[in-house]
Amino acid sequence: MPDLPEHNYIIEARGVVKKFGFKTVLRNVDLFLKKGDLLALFGHNGAGKTTLMQILCSLMRPTSGEICIAGFDLPHDSESLREVIGVISHNTFLYTNLSADENLRFYGMMYGVPKLNKRIEEVMTLVGLSKHLKDRVQTFSRGMQQRLSVARAIIHDPLILFLDEPYTGLDQHGAEELKQLLENFRDQKKTIIMTSHDLDRGLELCTQAAILRSGTLVYKEDIAKIDKGNFKNTYLKFTVKKPLFA
Amino acid sequence: MDFVQKLWAIVWKDLTSELRSKEMILSMCLFSFLVLIIFSFAFEMGFGDSKKIIPGILWVSFIFSGLMGVGRSFGLERDRGTIQGLFLCPMSPWGIYLGKMIGTFVFTMIMVIFTVSISTILFNLNVLPFLVPLGLIIFLGTLGFSTVGTIFSAISATTRTRDVMLSILFFPVSVPMIIASVKATGTVLDGKPIQAIFSWLNILAAFDLVFLLLAYLTFGFIIEE
């Protein structure tokens, strides 16, 4: 990874625009995050959250704008960037007819993880699935699959984590376990961006909150300055469209 | 070394996954068997000039059965939702292509060997005297099939009419490969020396190289978005 000056942001996105044909999905999005920040990104369906995440994790090219993550410029250094990021989404990216061990072995080999056996044991213990190492993923519950997906995303010990609706499909217990894992990562000073529809869950963990509306970043604030009890009103204020004829 | 390790990881994952489910291999072999059976009844094999149509029958079986498998190369990744996980790995698009192509090549070769074995029984065909030249044709032809098939599998995986799209894209482009393979196989089965098929082998090798180069140059754009 290139050396970062102390004052530098680990994630810098300037004027990011994304268009699909004539439809503009992201409009001049600026985003700056420092190491250890956990940004909760809120917004309605279709606000552009997933598109922004896909651009930031190099799966999609922006139409215009500059992005530099961990010192790597996108899209030119996307292959190098992928070595330092982990992505967790509602889609687990797991091969269900392979065992947990085989899934982690595959991703570990793809990321060139040294001492892979030891690392697999570590991450499986961390997500509480060490007893299920040899079990096929298709026998796992949704919560277990999501925990294994976390193990997959951190197998290479990434600096930055992108979480796109990670709580989707999880029951109360599974969501609580995921929350504990995320608290661990936050304490390890990993930089995290998480999209969520669940305001309470997002605010529980984040150090910053932002709201995306119709592709525009309309709100971004430090958690210390946010009145958590009143955030629902703030969210509605920034997201609900005013009727044309009031 | 790092590249080879990642390449092996993709091939190992595809082989392990397929050996466990056997979906692709079984369906390709079964389809190929049925095609051979239909042709053996339709043409009364073993009589008259029927030997002349054996190369065509063999390659029709290879291509049609192979298409069933090659379409699943990226199609299955998309259906399982693992395709983004694969693209998020720190490997060049070319490396991902090569890994998937090698997997397809291995599965197709298994089906081809099965098909040739069955056809020796059904068509009373003795391939042992032509094993080396026939092996060379099959190797280059299957490589060409996998090379082109994997590119179009990635393109068609994003479409709703995946199988139709794959056939529409694949057949026009692979005509030189199919003609060269059929002609070379026919020449070999006629008992002519290996020198007689050099020109066809050159065409097959050139076809493989051109499409490998094309994949190297364009696969990044193909898989984007």
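Start in chain A by selecting A:Lys118, A:Glu121 and A:Thr125: on this side of helix α4 they are exposed (over 50% relative accessible area, with buried being under 20%, for a 1.4 Å probe and protein chains only). You are looking at a predicted model, where local features need pLDDT of at least 70, side-chain atom pairs count only at pLDDT 80 or more, and totals for chains, interfaces and linings use all residues. Residues are numbered from 1 along each chain as its sequence is written, chains are lettered from A, and side-chain values use heavy atoms without hydrogens or water.

Now turn to the buried residues of α4(A), residues 116-126: A:Leu116, A:Arg119, A:Ile120, A:Val123 and A:Met124. They fall within an arc of 130° seen down the axis, so they line one face of the helix; the arc is taken from the directions from the axis to the C-beta atoms. Show α3 (100-110) and α5 (142-154) of chain A, which are among what covers these buried residues. After α4(A) comes A:Gly128, with a positive phi near 70°.

Next, select A:Ile85, A:Gly86, A:Val87, A:Tyr111, A:Arg152, B:Gly85 and B:Leu88, which line the second largest cavity. About 40 Å³ of space lies there, and strand β6 (residues 85-89) of chain A gives the largest share of the lining, three residues.

Finish at the largest cavity, with about 150 Å³ of space. Of its 16 lining residues, B:Asp14, B:Met24, B:Leu76, B:Lys100 and B:Phe107 lie nearest its centre. The largest share of this lining, five residues, comes from α3(B).

Note on methods. Helix = DSSP H or I, 4+ residues; strand = E, 2+ residues; numbered from the N terminus. Contact = heavy atoms within 4.5 Å. 1 Å grid on protein atoms, 1.4 Å probe; cavity = no way out; pocket = protein on both sides within 12 Å on 5 of 7 lines; lining within 4 Å. Points joined across faces, edges and corners; volume = space filled by probe spheres on them.
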